[in-house]
Amino acid sequence: MLKRLYIHNYKCLVNFEWRLDGLQSSLLIGKNGSGKSSIADTLTFFRDIGRGENDVAALGREDGFTLSPLALWNGRRDSCEPMVFELDVELDTVLYSYRLVLDFPKKFQKLRIAEERLSQNGKLSYTRETAKVVIAREGQPDAVLGHDWHSVFLPTFQDASQNAPVLLFKKWLADMVILTPVPFLMTGQPVDRLAPLKRSASNLVDWVVRLQADSEAANQIGDYIREVFPDFKAFAIRKLDRDAAYGPEYLFLRFFDEQTSEVPFFLLSDGEKCFFLSALLRASTTLEKDSFCLWDEPDCHLASHEVGFLIRALRSLSGQSILTSHQLETVRQFPDEATFVLLRDTHLVPTRPPRTLAQLRDAKELKGDLSHAILTGDLYGE
Amino acid sequence: MASNKFQWHLRIFVEDDANRQIVNGFLESFFRRNIPRCIRVLPPSGGWRPTLEEAQRDCAEGGSSRRVLAVIDCDGDANRICTATANGQANLYVVGCGEEPEKLRQRLQHPGHFSTLGDSLAREYFLTNTSLWLHIVNKEALDSLMQDAQNQHVC
């Protein structure tokens, strides 16, 4: 479970610490430009490191963006302040603390790793300063080695013990599901059946194929889809022309009709595609003990009356989930203590530390009706 | 169960944000976070009178499949519930907090937030020796609604 996230000097997030304190499901709200998606970006970098990407310039690339020096707060080329990313994750009573510090010295063309550190329950696994990596070894002197300035060390690092706890941590990072779905890109065709799910969910069918391999997950997907489409029967991946020997495959949904009929996934509406995606997500989280999901604006393609149902479903995920939203109906599905508000006054100042609605109420900064405070912008200090 | 106006469904009208969080906390706990789609919590109405008016109107407009639950603050005046149910709408259920949820939380020295108060209410719903439910006016209406839901295999 993600316990803490610290981001410094990345876009509008400066000295930004977010403690989740064991919350299984939480919501991030804030006006446009307050940093919600930047948090999703940061977790994408961690996810990519877990998946084995060590080139600092390639983090996020699969999702169409990169960790650029431009993301340094204000993009100031003369800035001496490094970019800092920290994450605390608890898995099986072990608290993993990972820290990655990136700087951008003069005459460099891309970011350099100034510092990197991993500890387990406060005990150092390895530490690094620029190129020098020091690996802690039990009962033996530390191992020292040199490592490329632009290469993250964690994907290379593997502890020698039998139960390999670092592997568990890296797997957790790799399995994080971070979503900013773009339904237009969900064509319903398999692309690379082994590729992990992209933030845009454009390769969603590959995920279907993998989940289908587990019969329990496949049944659950069907059950979840039937909550929204009661006449849904099953889904299938097949060629357009059943008899063709070759040709691209597509995802089809079968519905009960007088004669059972099929609809290509491609023809579903944007909102329906998001429902389908949510069904996959719900089924997938039941397979993983410590699943984690961040879904950036899950409600943006939905009809108003469906928003509450989807958010309720996402709140019921068996793992940890973080949602972001601008929608009032979404906010209404969360208790005050699990709703974090990001406040940022102007583009020239960083985002303020996150505070829950409960904290804002206690501090009398939020009075009266929440809907009114959101619709008028009072909640965001406007 | 999918939401369908021809099948049993429940709309819950709440007075304010505090009641909304209590209701959501109750439902999440009671249904172990899998709240059926046939149950919908509507936006807070703002005040006990508008809540009851909206609930009565919605109940009258809905067919025989609709059940309406209104959750209000009684503020020490239990007659508010009698007023609401006086016209004998069979599918309208009204329950109330004996006093404002904020005051109730303080009086009970409940350590958590409103959602955890809802969670506690769900956990103690079937207990007979609970003091928490003594602060809820007209629990009988909720019992009757629960029985109805059970008959429809919702819970």
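Colleague: Which strands of chain B does helix α6 (residues 139-151) lie across, and at about what angle does α6 run to β4(B)?

Modeller: This is a predicted model, so we are reading geometry from a prediction. In chain B, helix α6 lies across three named strands, β3, β4 and β5. Its direction relative to β4(B) is about 135°.

Colleague: In what order do the strands of that open sheet in chain B come?

Modeller: Happily, there are 5 strands to place, and their pairing is mixed. β2 (39-41) and β5 (136-137) each have a single partner strand, so they stand at the edges, with one side of each left without a neighbour in the sheet. Reading across chain B, the order is β2-β1-β3-β4-β5.

Colleague: Which residue in β4(B) is the bridge partner of Ala70(B)?

Modeller: Strands of a sheet pair through backbone hydrogen bonds, in either a parallel or an antiparallel way. Here β3 (residues 66-73) and β4 (residues 92-97) of chain B run parallel, joined by 6 bridges. Within this pair, Ala70(B) is matched with Val94(B).

Colleague: Now for chain A: which residue of β6(A) stands opposite Val101(A)?

Modeller: Strand β5 (residues 94-103) and strand β6 (residues 112-120) of chain A run antiparallel, with 8 bridges between them. Look along β6(A) for the residue facing Val101(A), and you will find Glu115(A).

Colleague: Which residue in the turn between β6(A) and β7(A) has a positive phi?

Modeller: β6(A) also pairs with strand β7 (residues 123-129) of chain A, in the antiparallel sense and over 6 bridges. One of the matched pairs is Glu116(A) with Arg128(A). The two strands form a hairpin with 2 residues between them, and the turn residue with a phi of about 50° is Asn121(A).

Colleague: Which helix gives the most residues to the largest nonpolar core?

Modeller: That core has 99 residues, and Leu27(A), Leu204(A), Leu280(A) and Leu310(A) touch the most other members. With 8 residues, the top contributor is helix α5 (residues 270-287) of chain A. Apart from this core lies another one, of 36 residues, including Leu10(B) and Val95(B). So the helix you asked for is α5(A).

Colleague: How many residues of α5(A) are buried?

Modeller: Buried here means that 20 or more other C-beta atoms lie within 10 Å of a residue's own. By that count α5(A) is mostly covered, and of its 18 residues the number buried is 14.

Colleague: How far apart are the end C-alpha atoms of α5(A)?

Modeller: Take 1.5 Å times one less than the number of residues. For the 18 residues of α5(A), the span should be 26 Å. The end C-alpha atoms agree with this, being apart by 26 Å.

Methods. Residues are numbered from 1 along each chain as its sequence is written. Chains are lettered from A and ligands numbered from 1 in the order in which they are written. This is a predicted model: local features need pLDDT of at least 70, side-chain atom pairs count only at pLDDT 80 or more; totals for chains, interfaces and linings use all residues. Two strands pair if DSSP finds at least two bridges between them. Helices (H or I, at least four residues) and strands (E, at least two) are DSSP runs, numbered from the N terminus. Two residues are in contact if their C-beta atoms, placed from the backbone, lie within 7 Å. Axes are lines fitted to C-alpha atoms, for helices over the stretch in contact, and angles run from 0 to 180 degrees between N-to-C directions. A nonpolar core is a set of buried Ala, Val, Leu, Ile, Met, Phe, Trp, Tyr and Cys residues joined through C-beta atoms within 7 Å. A residue is buried if 20 or more other C-beta atoms lie within 10 Å of its own, exposed if 12 or fewer, and partly exposed in between; C-beta atoms are placed from the backbone.
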